[in-house]
Every structure is written in C-alpha cells, then in structure tokens.
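Got your viewer open? Here's a quick walk through this one, stop by stop.

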Amino acid sequence: MMTPNQTPLATEWIARSLHAVWHPCTQMKHHEQLPLVPLARGAGAWLYDVDSHRYLDAISSWWVNLFGHANAYINDAIKAQLDTLEHAMLAGCTHAPAIELAERLNALTGGALGHAFFASDGASAVEIALKMSFHYWRNSGLTSKQEFVCVANGYHGETIGALGVTDVALFKTAYDPLLRHAHIAPSPDARQAQPGESAADVAQRSIAAITELFEARHNHIAAIIIEPLVQCAAGMAMHDPSFITKLRALCDRYAVHLITDEIAVGCGRTGTFFAYEQAGIQPDFLCLSKGISGGYLPLSVVLTRPAIYAAFYADDTARGFLHSHSYTGNPLACRAALATLDLFEKEDVLARNRSKSELLARLLEPLTTHPHVRHLRRCGTIIAFDVTPKMVTPDHAPDMPPQKISTPAMSFSRRFFETALQNELLLRPIHHTVYLMPPYILSNDEITLLAERTCATLEQVLSESV
C-alpha cells in the first residue's frame with residue numbers, strides 16, 4: 001500500500017517487509033490497508049521514517065523506551081561494554097554487569113527481593129515466576145499447590161505458561177487445548193464503579209471474590225499474579241492501591257504467593273519506581289522487563305524473597321531451579337539497564353515525571369466534558385481515556401485488545417492509528433481506549449504538541465464515524 005508523498009524507497013521497504021517479515025500481534029492481511037511505517041532512525045522522543053517524516057513516540061515503542069531513542073548516555077555505556085565483553089554464558093560463569101544489576105535491583109527493593117534471575121522478555125519472566133512458585137511448594141512438600149489465579153482481562157504474555165494466566169480470548173482461544181487454565185478473579189478495574197461507589201469499593205468486591213476462592217482452594221493454589229495499579233492490555237484499567245494491600249494480606253493468610261507483573265508498570269511508569277510501593281507491600285516474586293533496559297535490548301528479571309531462594313539451595317540437583325536461556329544475563333543488556341538506573345539517580349526522574357504528567361493531564365482536561373469521552377484517568381506517566389463514537393463498531397485494535405472482537409477494515413482504533421500518523425504521532429489505541437505513555441524526556445513544547453494533536457486526531461476520527 002502506497003500512501004501520499006511516499007517515496008519509492010519507502011514503498012520498497014514496505015513491500016520487502018511484507019514479503020519477508022511476519023510482524024508481531026498482527027493479522028498480516030490487514031496491512032493491505034493499514035500502512036507499515038518504514039523507520040530509519042530515532043532521536044529523543046521522535047522516530048523518523050525513510051522519507052524523513054517524524055512521529056512522536058507517544059507510546060514508548062510498546063512501553064519500553066524511557067529516556068528517548070539514541071540516548072547518548074546509554075549509547076556510550078553499551079559501546080564501552082561492547083569493547084570488553086559482548087556475551088558469555090551465565091551458567092558456571094559470572095560478570096560485572098550481571099552482578100552490579102542484581103545488587104542494584106535488590107537495593108531498590110530495600111533488600112527484600114534478591115538473587116535476580118535473568119531472562120530475555122516479559123513472558124519469559126512470567127514463566128519463570130510461575131515455575132519457581134510451583135517448584136517452591138514442591139520442594140516444601142506441598143505438592144498439591146499447583147494452581148494459579150489471575151485477574152479478569154489480565155495480560156501476562158503469549159508463551160504457553162503465560163497464556164494460562166492471561167485472560168484475553170483473542171490470544172488464548174486458538175491454543176486452548178495446550179493451556180493449563182488458571183482461576184479468573186474479578187478485575188478491580190475502577191471503571192466498573194456503580195453510582196456512589198469509589199475505586200476502593202470496586203477493589204473490595206474483587207478482594208471478596210478472591211477471599212472466597214482462597215478459602216475453598218488455598219491448599220491447591222500456588223500463586224496469584226497481578227499487574228499492580230494498571231492492567232495495561234485491558235485498556236489501561238486502573239485500580240485502587242488498596243487492592244494490592246489487601247491481596248498481600250490474603251496471600252499471607254492463605255499461604256499463596258503474590259506475583260507482581262511490573263513488566264509494563266515498573267521503572268517509574270506509575271509514579272514510583274515499583275508500582276507495588278504505593279500499596280506499602282512487598283511481593284513474593286517481582287517480574288521486570290520492557291523499560292528496565294531503557295528500551296534498548298531484550299532483558300527481563302525475576303526477583304524473589306530469600307526464603308524462596310533457600311528452598312532451592314540443596315545438594316540435590318533436582319531441587320535446583322533448572323531453567324535457562326542462552327542469553328541469560330547478557331552483558332550488553334545488563335549494561336544498558338545499569339545506565340538506565342544511573343539516569344534515574346542522576347536526574348531525579350520521578351519528581352520530574354510528576355510535573356510533566358501533571359502538565360499533560362491539565363492540557364487534556366477539556367476531554368472530561370467531551371460527549372464521546374469517558375473515564376479520563378492517570379496513574380503516574382500513564383494517561384488514558386475511553387472513546388464512545390457516534391457509531392460504535394466492534395474493532396480489532398492495533399495493540400492488544402481486552403476481549404475477542406471482530407475486525408472490520410476501518411475500525412476506530414485503526415482509523416485513530418492512521419490519523420495520528422498524519423498528525424506526527426505514534427499512537428496505538430487498545431480497542432476503544434486511547435492511551436499516552438511517552439518517554440520521560442518530553443519538553444513542555446512536545447507535551448503541548450502531544451496533547452493538542454491527540455485531541456485533533458480524536459476529532460478527525462469522530463467526524464468520520466457519523
């Protein structure tokens with residue numbers, strides 16, 4: 001598909017990609033109508049295509065980029081590491097980047113979660129946490145504890161184990177015979193509040209249902225997994241911190257592990273470095289990925305409590321955690337992560353983010369009275385709102401939708417994505433939810449541009465829905 005003002009080079013790149021590359025989270029036939037963006041380079045918050053058109057990366061390239069593209073400090077750290085050690089296996093060996101990163105992450109948890117287990121991506125981290133929990137109970141002699149609990153509309157990855165604790169039918173249905181199914185608890189999504197209810201009331205309803213489940217099945221349940229504060233793929237469903245606080249107490253009462261999936265919401269996205277901090281608790285397992293390497297290289301980490309680590313420490317090899325990836329603890333990825341942590345310390349990022357997010361929220365305030373906008377909401381640097389067009393059509397979002405839905409060619413989310421590109425924005429709505437999750441480096445002028453053009457894109461798309 002050739003778009004207006006597209007050069008032959010861009011056309012060639014797109015054609016070659018469609019011929020050779022199987023793109024992720026995509027029905028490839030849709031690209032007969034939905035354009036690919038042939039990117040050539042990135043600088044700061046901007047991406048540039050081969051024709052030098054620019055796009056403000058308002059979603060941090062699937063929530064990974066924290067400090068902008070081609071960040072000089074992270075670049076230099078990786079270049080220096082490249083001249084020293086690019087990779088060596090972590091089984092039987094060790095190296096400074098892995099050691100330093102594990103130590104610094106442990107320190108960020110106040111020493112509560114140590115012995116970092118490294119992997120490559122978010123789904124791998126979830127798999128590791130699930131396996132560790134199951135194996136812990138096995139090593140502890142409680143072999144009946146083999147079940148898991150997740151929250152409605154939750155997303156934790158698309159590998160087989162992670163899909164078992166994911167509640168997104170579009171991703172699960174085809175693979176249902178392969179999955180080990182989890183219990184699904186009601187979501188604490190604050191958008192479900194009835195007249196007169198608060199977000200805390202919705203959270204309490206979910207806690208009541210989980211309490212009932214734990215009372216009945218705690219002897220068989222190994223762990224519950226939750227994205228604290230924001231269920232991202234569920235349409236940025238935000239919940240009250242009391243849900244996590246009360247869930248921690250339930251897990252303690254019924255001897256169930258609490259796994260916090262902070263793959264998307266960690267590293268400052270919710271206003272604190274770890275989202276769980278706002279609930280005043282510590283999880284049993286913490287999964288990190290995406291932003292931990294600044295958006296540079298594939299890396300994920302699972303941190304856990306010393307008591308869980310101790311249950312695997314034995315003379316018997318079979319009691320050990322025999323999970324591995326060839327690139328576990330890759331020095332380049334770990335060095336990128338260390339540089340990312342340096343930037344948090346050097347620049348008081350969390351405080352700076354608060355002022356930037358408050359400015360963006362103020363600029364979007366007019367949407368609170370928009371007749372087709374519902375639930376304008378913010379958690380840290382994540383801002384989202386739901387759109388109810390004049391003519392509502394079920395649609396397939398470019399990103400990860402919360403439910404199984406049909407896929408008409410010109411759906412709302414696709415129209416929004418394409419119109420945003422015309423307005424120099426990279427935005428990928430989730431079904432009818434428009435969300436902004438930009439890098440932490442936007443200037444005030446860029447924040448103003450983002451707000452103004454998001455609103456302009458909305459109006460353009462709505463005008464086409466009549």
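Which residues line the largest cavity? Before you click, bear in mind that this is a predicted model. Now select Asn-353, Lys-356, Ser-357, Leu-360 and Thr-381, then add Pro-438, Pro-439, Tyr-440, Ile-441, Leu-442 and Ile-447, and you have the lining of the largest cavity. The space inside has a volume of about 100 Å³. Colour the lining by class and you'll get seven nonpolar residues, three polar ones and one charged one.

**Next: the helix beside that cavity**

Select helix α12, residues 349–364, which supplies four residues, the largest share of the lining of the largest cavity. Keep α12 on screen and add helix α14, residues 444–464; the two axes come within 9 Å and cross at roughly 30 degrees. Angles under 35 degrees count as roughly parallel, so α12 and α14 are roughly parallel to each other. Their crossing is right-handed.

**Next: the other cavity**

How many cavities of 30 Å³ or more does the structure hold? There are two, so let's visit the second largest, with about 30 Å³ of space. To find it, select Trp-63 and Leu-66, then Glu-262, Ile-263, Ala-264, Gly-266, Cys-267 and Arg-269, and finish with Ser-289 and Gly-291. By class, the lining of this second largest cavity comes out as five nonpolar, three polar and two charged residues.

**Next: another helix pair**

Hide the cavities and bring up helix α8 (residues 199–217) with helix α9 (residues 242–254). How do α8 and α9 run relative to each other: roughly parallel or roughly antiparallel? Their axes cross at roughly 15 degrees and come within 9 Å, and the angle therefore makes α8 and α9 roughly parallel. Look at the handedness too: α8 passes α9 in a right-handed crossing.

**Last stop: the sheet**

Switch to the strands and pick out β1, β2, β3 and β15, which form an open sheet in that order, with mixed pairing. Which strands stand at the edges? They are β1 (39–43) and β15 (425–426); each has a single partner strand, so one side of each is left without a neighbour in the sheet.

Zoom in on β1 and β2 (residues 46–49), which pair in the antiparallel sense over four bridges. For a single bridge to look at, select Arg-41 and then its bridge partner in β2, Tyr-48.

Key
Residues numbered from 1 in each chain as written. Predicted model: local features only at pLDDT ≥ 70, side-chain atom pairs only at ≥ 80, totals over all residues. Heavy atoms only, no water. Pairing = 2+ DSSP bridges. Helix = DSSP H or I, 4+ residues; strand = E, 2+ residues; numbered from the N terminus. 1 Å grid on protein atoms, 1.4 Å probe; cavity = no way out; pocket = protein on both sides within 12 Å on 5 of 7 lines; lining within 4 Å. Points joined across faces, edges and corners; volume = space filled by probe spheres on them. Nonpolar A, V, L, I, M, F, W, Y, C, P; charged D, E, K, R; others polar. Axes fitted to C-alpha atoms, helices over the stretch in contact; angles between N-to-C directions. Parallel < 35°, antiparallel > 145°, perpendicular 65-115°, else oblique. Left-handed = near helix turned anticlockwise from the far one by under 90°.
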